[in-house]
Structure formats: C-alpha cells, structure tokens
Amino acid sequence: MTVTRHFHLLNDTDMAEYDMQETTLAQGTGEMTVRYPRMRLYGRLDTDAFLRQVASHTTFSPAELRAAVQLLASGLADTLAQGYSVHLDGLGSFTPTLGLRPGAEPETGTPGETRRNATSICVDGIAFKPDRQLVRLTDASCRLKRTAVKARRSSTRYTPDQRLQLARQYLAQHAEMSLICYCALTGLLKDKASRELRRWEQSPHETGIRALGRGPAKRWTAADIHTEG
C-alpha cells in the first residue's frame, strides 16, 4: 500500500483563512479586550467525503476505510468503558468523562444525604487531546491568509447591568434561556456571552440567574433574589 503524505482538498487556493476574534480578559478589577487569531472554516467534511479523499491517496477503497473506522470506534468504546484512556500515536488521547443522568441531583456532602449510586452516573463525554505530531503536521501543511470578511464583534449597545436586566425580563416570561437566546437578546458573541452567564450563575441569589445542566444542553433559569432587611 502507498500513502501520499499531504492531502489538498479544501479549496481552490489551498490556503486557509483567519480573522482576529475579540475576547475580553479579566484584569484586576476591570476588563481588557484583546484579539487572537481564529481560523475561518470553509465547511465540514462528513465521513463519506473524508474517506473518499483519503482513499484516493491509498490502495484502500472507501468501504474498507469505513469498516476500519467503525472497528476503531467500537474498540475505543469497549476500552474506554473499562476505565482506560487510549493514546494513538500521531492522533491523540481519548479519555472518558462522567456525569449524572438526567434528573439525578449532585451530592452536596450534607450528612445523611442519599449518595449517588452507579445507576445515576453515566459516561457523558469523551475528552480528546491531539498528539503533538498531529499538531505539527497540521501546522506544517497550513498556509494562511487573512480573510477579507469583516470579523464580527460583540455589541456594545448595552452595559453589563442592562444585559442582566434583559435576561431577568426574558426569564420572567419564559421558563429557560439558552446561550443562543442570550446572544440574540444582547448582541454578544458566544464566547463573551458564555463567560458573562457563568459569572452570574456563581451568585444566583444576587443576580437572579442560575444554571441548569451542562455542556451544549446547558440552560439558565430564574433564581430567587435574596435582599437584606
């Protein structure tokens, strides 16, 4: 079998584009806005499209490669389920993560409380850390140019206090609020909106905002505000 080391398949110019994305960093008692480079993706290849590209550089057929991928996924699932992490040279490391099943409440450490048993715990994700070789090969093959598309920035129309009031008003009329909904309400980009919501959920009885769930399914709902006197 022969394999061509470099694949050229994404676009006509064979160059990736980047823009400078704004983010806000905490600095002492204030915040500082900085910009960092982010690749603009042309799209996402599905399994069939990717395997056709790979197959064109080998003596394997797309069907044979698909069978190999399915076998690899099955082997990974079995091994991770037994309490191991898996490292594949040139690819990266896979590690299972645990969470509570829907409806199961987290333990608080309160004396006498019911402890969570295995039936209330599930594998809720698999963390992936790329091998340095994969990163180096990607970097060596990557030719960048700055995009001509203007980068999006978070709106400055509202102050943080005004955005909090907008969220409270929304939750007064709706049971839950998603990250996408908060972005639409305030004009913030996802990164800044997510950090702001995380900050508020840490003091639910002051902000009136508390979190439900975790990960992509995370939502926010109203919390009782405690006042003095």
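## A three-stranded sheet and a helical core

An open sheet of three strands runs in the order S3-S4-S5, with antiparallel pairing; two strands count as paired if DSSP finds at least two bridges between them. Strand S3 and strand S5 sit at the edges with a single partner strand each, so one side of each has no neighbour in the sheet. From one strand to the next, the twist averages 25°. (Axes are lines fitted to C-alpha atoms, for helices over the stretch in contact, with angles from 0 to 180 degrees between N-to-C directions.) S4 and S5 are joined by nine bridges, and Ser93 stands opposite Lys129 in S5.

This is a predicted model: local features need pLDDT of at least 70, side-chain atom pairs count only at pLDDT 80 or more, and totals for chains, interfaces and linings use all residues. Residues are numbered from 1 along each chain as its sequence is written, and side-chain values use heavy atoms, leaving out hydrogens and water.

Now for the core. The largest nonpolar core (buried Ala, Val, Leu, Ile, Met, Phe, Trp, Tyr and Cys joined through side-chain atoms within 4.5 Å) holds 13 residues, and Ile209 and Trp200 are among those touching the most other members. Buried means under 20% relative accessible area with a 1.4 Å probe, protein chains only. Three helices each supply at least two core residues:

| Helix | Residues |
|---|---|
| H4 | 160-173 |
| H5 | 179-186 |
| H6 | 190-201 |

Helices (H or I, at least four residues) and strands (E, at least two) are DSSP runs, numbered from the N terminus. Leaving aside residues up to four places away in sequence, Ile209 touches residues including Leu164, Leu171 and Trp220, a contact being heavy atoms within 4.5 Å.

Notes:
Buried means under 20% relative accessible area, exposed over 50%, partly exposed in between (1.4 Å probe, protein chains only).
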